[in-house]
Amino acid sequence: MFGQPTSRRWKAALAGTVSAGLLFGVAACGGDDDSGGGASTDASASAIDCAPYTKFGDLKGKTVSVYTSIVTPEDTPQIKSYKPFEDCTGVTVKYEGDKAFETQILVRARAGNPPDIGFVPQPGLVKQLVATGKAVPAPPEVAANAEKYWDPAWKAYTTIDGKFYGAPLGANVKSLVWYSPAEFKDSNYQVPTTLDELKALSDKMVADGKKPWCAGIASGDATGWPVTDWVEDFMLRLYGPDTYDKWVNHSIPFNGPESTASFDAVGSYLKNDKYVNGGLGDVKSIASTAFQDGGLPILEGTCSLHRQASFYAANFPKGTKIAEDGDIFAFYLPSKDASSKPVLGAGEFTIAFADRPEVKAFQTYLSSPEWANIKAKVSSGWVSANKGLDPNNLVNPIDKLAAGILLDPKAQFRFDGSDQMPAAVGSDAFWKQATSWITGQDTKTTVDNIEKAWPK
Amino acid sequence: MTTAVPLPTATAEAAAAKVKAAEVAKKKLSSPWASFAVIVIALLWTIPTFGLLVSSFRPERQIKTTGWWTFFSDPTLTLDNYRSVFGAEGGVNMADFFVNSLVICIPAVLIPLSLAALAAYAFAWIDFPAKNVLFLVIFALQIVPIQVTLLPLLKLFVSWDLSGTFWTLWLAHSTFALPLAIYLLHNFMREIPSGLIEAARVDGAGHVSIFFHVMLPLLTPALAAFGIFQFLWVWNDLLVALVFAGGGNEVAPTTLALANLSGTRGTAWHLLSAGAFVSIIVPVTVFLLLQRYFVRGLLAGSVKG
Amino acid sequence: MFNTASTTPEKLLQMFAALLLFAAVMGVILFVASRLGGRRGDKWVGYLYLLPVVLMLSVGLVYPGLRTIYESFFDAAGKAFIGFDNYKTIFTDKDQLTVLRNTVFWVVFTPFVATAIGLLYAILVDRSRFESFAKALIFLPMSISFVAASVIWKFMYEYRPDQGRVKQIGLVNQIIVWLGGKPQQLLIDSPLNTFLLIIVLIWIQAGFAMTILSAAIKAIPDDIVEAARLDGVGPWTMFRNITVPSVRPTIVVVLTTIGIGTLKVFDIVRTMTGGQFNTSVVANEFYSQTFRADNQGLGAALAVLLFVLVIPIVVYNVRQLRQSEAR
């Protein structure tokens, strides 16, 4: 049935996840034909300026194939958002969603059978694809859009040997802590604004007889990735973005004092049996709990805090109100102090494997603010870091929160580090060792083992 | 070996023995320990699936908070899980995937079965140089992990301009099935008394006519049995489909559709349980329909008759 | 005809076209074979029968297999020749040694236990009134894909903490609780977790063993059974002296098939633990190294190790073959 379960680093593939509301809304509408559902009318109604695409020549009757990890039901808004482009140019976009995208795209590229465009969720994978020699640098129009509408950090992730390969598509924020607004109100808790306050809040909850934190890191063969996100978030907070970049690029060793301190800081939460694992068991139960189930105890009242990305919204059951005044919401995982605002996140990049005019035109469309706004209108549970995105077009409160964090001028965005590290570390040793660390291995052995796995 | 066993001559005698043996068997089963063992095994083998079946009809929240056995004290039924499985994709689409699965399966069962039967016959009853070495090589090929073959094969299919068509799946599944099929069928063929073949040869029959007139009738149940296994493996395959069916939903089988249907919702028990049942309906039906071949025995009927 | 078919009639048409084409190929082979008369032509009939098979296997399995052996002597990127270093890693690295240990557990337990259960069950239900129903029950797991089966068993082993209001949803833990124990995180503790995973494969393969063995049991001539019966042989002696010797070749086939299948299994490990908590096996490690950790060389070496592990099984079968030739 669900053979070939998870693909490499599919965590980031979750980028396109939608919130519970949309997920079931779409299911209820039924059918992915263009006539069905109210949202599509919005999409086709919002005509766009066709001028940027006419200069690619007459594209009528041409086809562009898109291959992505975004599958049912999140694919429906994706496909709908292409409509204005198809209307403008007469191009047909052939969409193929595949959960195993991240292994298959490499297989297909190596075999000489790549799609026209792939939405690649990790910078590390972009590098591997470029190394196959099949990826094509992005056209100047896309580079111009990327420069104009994105934080410079984003453009650097797909610039390899001086060539720019693709603009970001969607994005998600990982530095979030989920909580129950009702519980905070009843118990008179304040949303913390510094790491010290977060600690104090956790202690206060313990004093109130609660186990404040809950977590789950089981995720098929990707088990362990949520811990790596924790560690990255703390690396970013304790040492700042510059050291974070050095750590990711291995300019400083993985078993240096920075890693050790970050792991230990995470350990003061996740390996603290006073803090975890609310509603799920002891510290070890973190390792056996599916990441999808990790935050659900908040709804049961057996847990108060859960650190997980914005896409986690999709895991709450049907009918859960996700809003500041609802059943559940999230706050920004605070920085060390108010002077900085590091943001850990992820997203996917549009990488082309063909340089036909229609492919270039479509790439340009996807990097435009027009597309971002159309996409925002037809979907919920979707955010972009495109500065041209008007947050008012977003439907969900959690999306607005995420967009607000991403587009905050003070924010220092950094892409998920394990997605950038070499695969032997970023999607193997780091996950495995982090899991062993949760089940009892000490920090020194853990960081030493990861350092050992780094390809020479 | 079975050659130690003389073939029965009179059918009447055999029939009488059969009746007796049946009685004996019944007696044997009536021994309390034997019955107990059968019931225990049957329960162990059924309960896990049964639990999932019950769960697939329970509301999401109940699945996550109480065991499926509480269903019997507090029965709440819902079809929501099945609706979510079919609803998002639309019933018509699901039918398309079923057609694809069938179109993939039928040739992917028939082709290797015929080829393997020929090859197994050659190995079992024809003498030629290097026979044993070849047989061992083919036997050992069973262990080549399918994953190492995917990239070279895909390259080949791309250069033949076949990628994204059913042809890739037919060829790939057929190839992968051959070593085991040849090994199993060869073993069945060796069981056939050599006297039968020799007699036919003395009568002047060639290998083609022996294959059709002596082997095939005797082997029908064995072929049917292997056919069922091959059908199940192809039907449940995801890996091969994933690599070769790439390029759209036109040729994707149900397994692929269901895998993507579970979407980013990952291990949501309520969807997994319903999805699992959708995916096993066809294989179980096929087994039930063709089961009589197993009950009759792989070679038994004809050799003895 | 070689295009992508997109409508149902087109698909069916393409399928029939493919079957016709195949039938034509078979027809040619059989026609030529029928022309090669006489005992001297035998050799050529044999080669002709094997021709399509050898062609397909050379392209589809032999070439990739050889290429894998070649790649196993190269580094992670497949660029630099590093001799036997990958193999050295497999036999010295602590994690890899655990992988080897687990693989041994799998290959030792799965085929024998699955075959034993299958044989026992086949004998017990043979010719009973509810035979086909009873067999269908055991066969059911066979028709479920490995991943779906893993989902089913993950549900069986599911753990909920030992806290006041929290109820167990996994049957195994519920039984532990009913018996007065504390719920366990079953899939975390090594090496118990490996055996819990092995149970899943046994659960699947017992149906295979049972169907094949049951057919073999039915092939035992009735008069032998009857003669033994008249001699007053008890059920145990009957089992040991009549049933087992008669179906021995079939038992070897079943053990071999399940054994090789066990070496290749990776879906179960991947779905249930992802190879974490010391449960990985060679096939799973091969998959992770090749497709996830991007270490082609080590992956290839692990695949070669699978070939090597199957050699004892091949040798055993050769001996069986020799014995049967000598009959």
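Q: What makes 31-78 and 94-300 of chain B domain 1 and domain 2 in this predicted model?
A: The bounds come from a domain assignment, and for chain B that assignment gives 31-78 as domain 1 and 94-300 as domain 2. Taken over C-alpha atoms, the centres of domain 1 and domain 2 of chain B sit 33 Å apart.

Q: How do you know which residues count as the contact between domain 1 and domain 2 of chain B?
A: Two residues are in contact if their C-beta atoms, placed from the backbone, lie within 7 Å. By that cut-off, domain 1 of chain B puts in seven residues and domain 2 of chain B puts in six. On the domain 1 side, helix H2 (32-56) and helix H3 (60-65) of chain B are the elements giving two or more residues, and H2(B) gives the most, with four.

Q: What makes up the domain 1 side of that contact in chain B, by residue class?
A: A mix: three nonpolar, two polar and two charged residues.

Q: How do you describe the way helix H8 (residues 166-190) and helix H10 (residues 207-236) of chain B cross?
A: Their axes come within 11 Å and cross at roughly 145°. As for handedness, H8(B) passes H10(B) in a right-handed crossing.

Q: Which residues make the contact between H8(B) and H10(B)?
A: H8(B) brings His173(B), Ala177(B), Ala181(B), Leu184(B), Leu185(B), Phe188(B) and Met189(B). From H10(B) come Met215(B), Leu219(B), Ala222(B), Phe226(B), Gln230(B) and Val234(B).

Q: Why are two residues of the H8(B) contact with H10(B) called polar?
A: His173(B) and Gln230(B) are on the contact list, and neither His nor Gln is among the residue types counted as nonpolar or charged, so they go down as polar. The full tally is 11 nonpolar, two polar and no charged.

Technical notes
Residues numbered from 1 in each chain as written. Chains lettered and ligands numbered in written order. Predicted model: local features only at pLDDT ≥ 70, side-chain atom pairs only at ≥ 80, totals over all residues. Axes fitted to C-alpha atoms, helices over the stretch in contact; angles between N-to-C directions. Left-handed = near helix turned anticlockwise from the far one by under 90°.
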